[in-house]
Amino acid sequence: MQLYFSGILIAVISFLIIGIFHPIVIKTEYYTGVKYWWIFLIVGLGCIIGALFIDSYLLSAVLGIIGASSLWSIKELFEQRERVLKGWFPMNPKRKSEYE
């Protein structure tokens with residue numbers, strides 16, 4: 001019997017990528033607000049399009065996961081702003097006027 005670990009490897013990589021994007025969204029909102037959402041869009045679309053051209057299924061999957069996580073981060077960035085307004089996360093005092 002042969003075991004195949006590619007599915008488990010992709011699951012672990014997915015978990016790590018999502019875990020990495022969480023603090024990226026928090027820090028991005030804290031330091032810059034939501035004005036750079038378009039960077040997540042460009043990275044997300046670039047990774048997804050790039051995944052279409054990679055022959056390795058593992059690398060293609062990883063790039064696709066990064067792309068999807070980046071696109072999902074656009075929504076999370078705007079939701080993070082709402083969480084800051086609710087007081088759930090700290091507000092950057094240098095950008096206090098943006099929240100009023």
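**Exercise 1: aromatic pairs**

Task: How many aromatic pairs does the count come to?

Solution: Start with the rule: rings of Phe, Tyr and Trp (its six-membered ring) pair if their centres lie within 6.5 Å, and planes under 30 degrees apart count as stacked, over 60 as edge-to-face and the rest as tilted. By this rule the count comes to 2 aromatic pairs. One of them is edge-to-face: Tyr30 with Tyr31, at 4.9 Å centre to centre and 85° between the planes.

A word on what you're looking at: this is a predicted model, where local features need pLDDT of at least 70, side-chain atom pairs count only at pLDDT 80 or more, and totals for chains, interfaces and linings use all residues. Residues are numbered from 1 along each chain as its sequence is written, and side-chain values use heavy atoms, with hydrogens and water left out.

**Exercise 2: around the tyrosines**

Task: Is Asn92 buried or exposed, and which residues does Asn92 touch beyond four places away in sequence?

Solution: First, the cut-offs: buried means under 20% relative accessible area, exposed over 50%, and partly exposed in between (1.4 Å probe, protein chains only). Asn92, in the segment after H3, has 5% relative accessibility, so Asn92 counts as buried. Next, contacts (heavy atoms within 4.5 Å): Asn92 touches Tyr30, Tyr31 and Tyr99, leaving out residues up to four places away. A polar atom of the Asn92 side chain also lies 2.8 Å from the backbone oxygen of Tyr30. Now check the two tyrosines: Tyr30 is partly exposed because its relative accessibility is 22%, while Tyr31, at 54%, is exposed.

**Exercise 3: helix H1 and the core**

Task: Which residues make up the largest nonpolar core?

Solution: Take the definition first: a nonpolar core is a set of buried Ala, Val, Leu, Ile, Met, Phe, Trp, Tyr and Cys residues joined through side-chain atoms within 4.5 Å. The largest one has 10 residues: Ile13, Ile17, Phe21, Val25, Val34, Phe40, Val62, Ile65, Ile74 and Leu77. Helix H1 (6–32) and helix H3 (57–85) are the elements that give two or more residues to this core. Helices here (H or I, at least four residues) are DSSP runs, numbered from the N terminus.

Then go along H1: its buried residues are Ile13, Ser14, Ile17, Phe21, Val25, Thr28 and Glu29. Their cover includes helix H2 (37–51) and H3. Zoom in on Val25, which, leaving aside neighbours within four places, contacts Ser73, Glu76, Leu77 and Gln80.

Task: What distance separates the end C-alpha atoms of H1?

Solution: The expected span is 1.5 Å times one less than the number of residues. For the 27 residues of H1 that should give 39 Å, and the end C-alpha atoms are 38 Å apart, which agrees. Just after H1, Gly33 takes a positive phi of about 80°.

**Exercise 4: the loop between H2 and H3**

Task: Which residues does Ile54 touch beyond four places away in sequence?

Solution: Find Ile54 in the loop between H2 and H3. With 32% relative accessibility, Ile54 is partly exposed. Leaving out residues up to four places away, Ile54 touches Leu59, Ser60 and Leu63. Asp55 sits in that loop between H2 and H3 too, and at 79% relative accessible area Asp55 is exposed.

**Exercise 5: confidence**

Task: Which element of the protein chain has the lowest mean pLDDT?

Solution: pLDDT is the predictor's confidence in each residue, from 0 to 100. H1 has the lowest mean (95), and H2 has the highest (98). The protein chain averages 94, and 100% of the residues score at least 70.

Conventions:
A polar contact is a pair of N or O atoms within 3.5 Å; within protein, one must be able to donate a hydrogen and the other to accept it, and residues adjacent in sequence count only if both atoms are side-chain atoms.
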